[in-house]
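Welcome to a short tour of a ligand site and a strand in a sheet. Have a look at the model below, and then let us walk through it together.

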Amino acid sequence: MFPSLLPTYNRTEVAFVRGEGPYLFAEDGQRYLDFGAGIAVNAFGHAHPKLVAALTEQAGKLWHTSNLYRVPGQEILSKRLTDITFADTVFFTNSGVEACECAWKMARRYQYVSGHPERFRILCFEGAFHGRTLSAIAAGGNPKYLEGFGPKVDGFDSIPAGDLKGVEKSITPETAAILVEPVQGEGGVRVLAPEFLRGLRKLCDEHGLLLIFDEVQTGIGRTGKLFAYEWLGIAPDIMPIAKAIGGGYPVGACLATAEAAKGMTAGTHGTTFGGNPLGMAVAMAALDLVLAPDFLPHVQAIAGYLQQQLGVLLAEHPRVFEEIRGQGLLIGLKLKVPNTEFVAAARRAGLLVVGAGDNVVRLLPPLIIEEAQVREAMAMLSAAAKSFEPKTKIEAA
Ligand SMILES: *Cc1c(COP(=O)(O)O)cnc(C)c1O
């Protein structure tokens with residue numbers, strides 16, 4: 001019989017019934033340390049009292065009105081986001097891929113109203129991930145995700161990352177924009193070189209293109225700054241964000257400069273649910289948390305500690321680990337053993353981690369973790385690593 005639930009996921013058997021800070025509790029009562037955070041979503045841990053209060057308070061007042069009317073939460077949150085970023089304007093969505101879709105529609109529309117309707121193509125990078133709609137799989141370019149879904153949506157050209165000369169050669173009279181994740185998350189936590197990203201900014205300026213940073217995964221403190229672009233001394237023109245901004249409630253947003261957004265006039269884009277009062281209330285509370293003066297310094301400090309501890313772990317298990325990658329609390333461990341097996345072994349040891357491309361496991365802990373939880377995670381990672389190593393004579397006896 002065909003499963004009642006469409007079987008598109010390779011799900012693990014475990015189901016969780018409750019969360020508290022960085023811990024999750026399964027149906028059988030087993031406790032797990034959550035270093036996956038719902039794929040970089042639960043940045044503030046589970047059931048954060050401030051987020052719970054924001055959601056429940058709003059839930060008692062008003063859930064949804066549609067975008068036919070003013071939504072005060074959208075007005076306040078967009079003002080706050082534009083005050084603290086490069087952006088002048090924000091469109092709210094329910095997910096990362098919708099924020100991305102808004103980004104590339106905006107880029108095409110910008111060129112159209114600038115007198116360049118022929119410029120509609122977007123340069124993207126191999127190893128990228130932008131979501132799973134037809135246009136997003138075209139932008140990601142992963143053949144596994146494209147297979148069997150008909151002709152690839154036109155207008156997305158994937159090229160190797162890291163080679164600025166190659167990028168310049170790939171710009172044609174039809175190019176509208178360059179789309180890049182500052183750190184390729186899903187693709188294997190590949191940190192793109194700052195010089196490369198700054199070079200893209202320069203190329204965009206020289207050729208009249210828009211620069212789109214997909215910060216759906218890197219945004220809201222994950223790399224130790226509010227947004228990863230802040231490490232670079234440059235800014236994009238358009239920036240889709242999502243994952244952590246709702247702390248677990250589905251919220252996304254597309255941020256842009258006034259210039260980049262100039263084509264997005266009334267009637268050009270829309271959504272029924274995007275920016276609904278519940279999402280806005282939670283995102284506002286999440287922003288309060290991440291903007292508290294101690295928050296990002298804590299992320300940077302704990303990330304430094306975690307990376308240092310991982311260095312020790314790596315040295316102890318050279319047969320299992322090959323390399324540590326990443327920025328802040330977006331960390332990848334490149335493995336010499338199959339990453340799916342390692343994820344399972346870590347889970348048996350009580351630790352949740354997430355796979356990524358290039359045989360990497362991602363460590364994406366909630367940004368609120370403390371040193372005690374880092375040490376706990378190290379013991380669990382060490383136990384998982386040991387399960388791949390030959391037993392010593394004493395252990396075997
Ligand atoms: C997760 C992710 C997306 C897609 O977000 P969804 O909410 O799953 O649609 C897009 N871009 C990046 C960089 C992501 O990590």
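Two strands are said to pair if DSSP finds at least two bridges between them. The model shown here is predicted. With that in hand, we can begin with a hairpin.

**A strand and its partners**

Strands β13 and β14 form a hairpin with 2 residues between them. In the turn, G328 has a positive phi of about 60 degrees. Strand β13 covers residues 321-327, runs antiparallel to β14 and is joined to it by 6 bridges. One position to pick out is G326, whose bridge partner in β14 is I331.

Strand β14 also pairs with β17 (residues 360-363), again in the antiparallel sense, over 4 bridges. Here K334 stands opposite V360 of β17.

Is strand β14 enclosed or open to the outside? Buried means under 20% relative accessible area. For β14, residues 330-335, 6 of the 6 residues are buried, so the strand is largely enclosed by the rest of the structure. Both of its faces are covered: L330, G332 and K334 are buried on one side, and I331, L333 and L335 are buried on the other.

**The ligand and its surroundings**

Let us move on to the ligand. Which residues surround it? They are S95, G96, V97, F129, H130, G131, E181, D214, V216, Q217 and K243. By character, this shell divides into 3 nonpolar, 5 polar and 3 charged residues. Three atom pairs between ligand and protein are listed here.

| Ligand atom | Protein atom | Distance |
|---|---|---|
| Oxygen of the ligand | Polar backbone atom of V97 | 2.8 Å |
| Nitrogen of the ligand | Polar backbone atom of F129 | 3.4 Å |
| Oxygen of the ligand | Polar side-chain atom of K243 | 2.6 Å |

On its own, the ligand has 380 Å² of accessible area, and the protein covers 81% of it.

**A closer look at H130**

One of the residues around the ligand is H130. Where does H130 sit in the fold? Its place is in the loop between β5 (121-125) and α5 (134-140). H130 counts as buried because its relative accessibility is 2%, and the cut-off for buried is under 20%.

The side chain of H130 makes a polar contact of 2.8 Å with the side chain of D214, and D214 is also among the residues surrounding the ligand. Leaving aside residues up to four places away in sequence, H130 touches V97, C100, W104, A136, A139, G140, L179, E181 and D214. Among these, V97 and E181 belong to the ligand's surroundings too.

Methods
Residues numbered from 1 in each chain as written. Predicted model: local features only at pLDDT ≥ 70, side-chain atom pairs only at ≥ 80, totals over all residues. Heavy atoms only, no water. Near = heavy atom within 4 Å. Polar contact = N/O pair within 3.5 Å; in protein donor to acceptor, adjacent residues only side chain to side chain. Areas by Shrake-Rupley, 256 points an atom, 1.4 Å probe, with all protein chains shown as cover. Nonpolar A, V, L, I, M, F, W, Y, C, P; charged D, E, K, R; others polar. Buried < 20%, exposed > 50% of the residue type's maximum accessible area, 1.4 Å probe, protein only. Contact = heavy atoms within 4.5 Å.
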